Amino acid sequence: MLDAARRLGTERSVREVTLTDIAAAVGMHKSAVLCYFETREQIFLTLTGEGWREWSTALRARLDELTGAGHEEIAAAVAESLVARRFFCDLLAQAPLNLERNVSLDSAYEFKTVALGEVTAIATVLRGLLGIDESAAVDVISTATGMAGALWQMAAPGTHLRELYESHPELAHAVIDVEPRLTRILTALLDGLRGTATDS
């Protein structure tokens, strides 16, 4: 079921995939799917948790290679790591808006525990790499993931809306290239955090 939801969400977008779609993809009735997951949102929230673990592992490995790198290079690495995970970017936008709000408190707690654990792991690496304090490191991660989700929705890749933007010159400002824009935003943030550097 998770694989089917991941495939459907990647092909379309998370908000367009129904529980009936997922059930059909695995040859089950919708009521049977509900024996395993409480809602469609729980399915996608579970995948969001998996996305956090996978992204965190990959990003920390990449950041470990960037000792002595400048802010722009670090920002670019973070942006690239997110944009390479298009489905995760979609989930990052949907999680706080819809997914977390339509599951049990136990499911929400389980997800938040996973996500915050990965935030802590990434923040530890960023603190060592940039010499910033914990709150600043968390701000970097929150900005990166929040903006990646928002920009991905605004970019509307593979949709009729994106085709509209690209076919009308007067709408050119709406055509967003996520990776370079996210890199610029994160570079500016990192430059602005110089004052939060620690001695440790």
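Q: Let me get the term right: a pocket is an open set of points on a 1 Å grid over the protein atoms alone, where a 1.4 Å probe fits, with protein on both sides within 12 Å along at least five of seven lines. What volume does the largest pocket have?
A: About 360 Å³, counted as the space filled by probe spheres set on the points, which are joined across faces, edges and corners. This is a predicted model, so local features need pLDDT of at least 70 and side-chain atom pairs 80 or more, while totals for chains, interfaces and linings use all residues. Residues are numbered from 1 along each chain as its sequence is written, and side-chain values use heavy atoms, without hydrogens and water.

Q: Which residues lie nearest its centre?
A: T10, R12, S13, W152 and P157, out of 16 lining residues (those with an atom within 4 Å of a point). Helices α1, α6 and α8 (134–155) each give two or more residues to that lining; helices here are DSSP runs of H or I, at least four residues, numbered from the N terminus.

Q: And the second largest pocket, what is its volume?
A: About 270 Å³. Its lining has 15 residues, with W52, E100, K112, A115 and T145 nearest the centre. At least two lining residues come from each of α6, α7 (105–130) and α8.

Q: Switching to α1, which of its residues are buried?
A: In α1 (residues 2–11), A4, A5, L8 and G9 are buried, meaning under 20% relative accessible area with a 1.4 Å probe, protein chains only. Seen down the axis, the directions to their C-beta atoms fall within an arc of 125°, so these residues line one face of the helix.

Q: What covers them?
A: The cover includes α2 (19–25), α4 (40–63) and α6 (86–99), by contacts of heavy atoms within 4.5 Å. On the other side of α1, D3, T10 and E11 are exposed, over 50% relative accessible area.

Q: How many salt bridges does the structure hold?
A: Nine, each a side-chain nitrogen of Lys or Arg within 4 Å of a carboxyl oxygen of Asp or Glu. One of them pairs E50 with R6, the closest N and O atoms being 2.8 Å apart. That pair links helix α4 to helix α1, 44 residues apart in the chain.

Q: Where do R60 and E118 sit?
A: R60 is in helix α4 and E118 in helix α7, 58 residues apart. Their salt bridge has its closest N and O atoms 3.7 Å apart. At 14% relative accessibility E118 is buried, whereas R60, at 24%, is partly exposed.
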